[in-house]
Amino acid sequence: MDLAATVAVAFWAMLPAYVPNNVAVLAGGGRPIDGGRTWNGRRVLGDGKTWRGTFVGTLAGVALTAALNTLEPAASEALGVPLPAFPLAATVALPAGAMLGDILASFLKRRTGRERGAAFPLVDQLDFVVVALVLTALAAPAWFGDTFTLEVVVAVLVLTPVLHVGTNVGAYQLGLKDEPW
Ligand code: CTP
Ligand code: MG
């Protein structure tokens, strides 16, 4: 595959992991997952991780994979690149893994003394990718191996921080997010 095709596959295959965190920003609020509980004097996760944000974000990712599966033949044809369709296990693992990665990062942030909203460079940009990929590798190993070749994984690791910084600065400027990260 040439570079453009590799980037196209990386972006398409990761879209179900990119969308949930952004939807959570729009849908978040209400009861925090940790219920306000603390551990060693600090919140377990904090008010930034809510049931509603997590649930709606995951559902949005699942719905998106259904849409992408419908669009896949036409999109592959139009781009001249064989884009992957998502098997059921990946449909759930990519969005759920993305949300879980973000939650684990909040856990780590609180344990390392970072307040809600504090930046944690690299962890903020890659937490959701790493957990989404690991969960998908476990849930749909054959599909994962076919889709996430070494070059696609490298493209994901380079592309994601760029997209993450771009979308978060955009959401901040639109007033949707309190911090630009
Ligand atoms: N959000 C949510 N549930 C999630 C993830 C995000 O409700 N599982 C919403 C919250 O309203 C959160 C906003 O999206 O404040 C921004 O998400 P994020 O930057 O991940 O959270 P922070 O508020 O920065 O908290 P943390 O420091 O714990 O990451
Ligand atoms: Mg944040």
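Let's start with a bend: helix 2, which covers residues 51-79, has a kink of about 55° at Glu72. The proline Pro73 comes shortly after that point. Keep in mind that this is a predicted model.

Glu72 is also one of the buried residues of helix 2. The others are Gly53, Thr54, Gly57, Thr58, Gly61, Thr65, Leu68, Ala75 and Ser76. Try reading those numbers along the helix with one rule in mind. An α-helix has 3.6 residues a turn, so residues three or four places apart point the same way. What covers the buried residues of helix 2? Among the parts that do so are helix 1 (3-27) and helix 3 (88-111). Once helix 2 is over, you reach Gly80, which has a positive phi, near 70°.

Now for the charged side chains. How many salt bridges are there? The count comes to five. Here are three of them, with the distance between nitrogen and oxygen:

| Acidic residue | Basic residue | N to O distance |
|---|---|---|
| Asp34 | Arg43 | 2.8 Å |
| Glu115 | Arg42 | 3.2 Å |
| Asp124 | Lys109 | 3.0 Å |

Take the pair of Arg42 and Glu115, joined by a salt bridge. Arg42 sits in strand 2 (residues 42-43) and Glu115 in the loop between helix 3 and helix 4 (123-139), so this pair ties together parts 73 residues apart in sequence. Arg42 is partly exposed, at 33% relative accessibility, while Glu115 is exposed, at 52%.

Next, look at Asp124 and Lys109, which also form a salt bridge. Asp124 belongs to helix 4 and Lys109 to helix 3, so the pair ties together parts that are 15 residues apart in sequence. Are these two buried or exposed? Asp124 is buried, because its relative accessible area is 8%, under the 20% cut-off. Lys109 is buried as well, with a value of 9%.

The bridge between Asp34 and Arg43 has a further partner: Asp34, Arg43 and Asp47 are linked in a network of salt bridges. Within it, Asp34 is buried at 4% relative accessible area. Arg43 has 21% relative accessibility, so it counts as partly exposed.

Finally, here's something on the surface. Which residues make the nonpolar patch? They are Val25, Leu26, Leu174 and Leu176, and the patch has an area of about 400 Å². Leu176 is in the segment that follows helix 6 (150-173), and at 44% relative accessibility this leucine is partly exposed.

Notes:
Residues numbered from 1 in each chain as written. Chains lettered and ligands numbered in written order. Predicted model: local features only at pLDDT ≥ 70, side-chain atom pairs only at ≥ 80, totals over all residues. Heavy atoms only, no water. Bend = angle between axes of the 7 residues up to and from the residue. Helix = DSSP H or I, 4+ residues; strand = E, 2+ residues; numbered from the N terminus. Buried < 20%, exposed > 50% of the residue type's maximum accessible area, 1.4 Å probe, protein only. Contact = heavy atoms within 4.5 Å. Patch = residues over 30% accessible without salt bridge, like charges linked within 9 Å, V, L, I, M, F, W, Y side chains within 5 Å. Areas by Shrake-Rupley, 256 points an atom, 1.4 Å probe, with all protein chains shown as cover. Salt bridge = Lys/Arg side-chain N within 4 Å of Asp/Glu carboxyl O.
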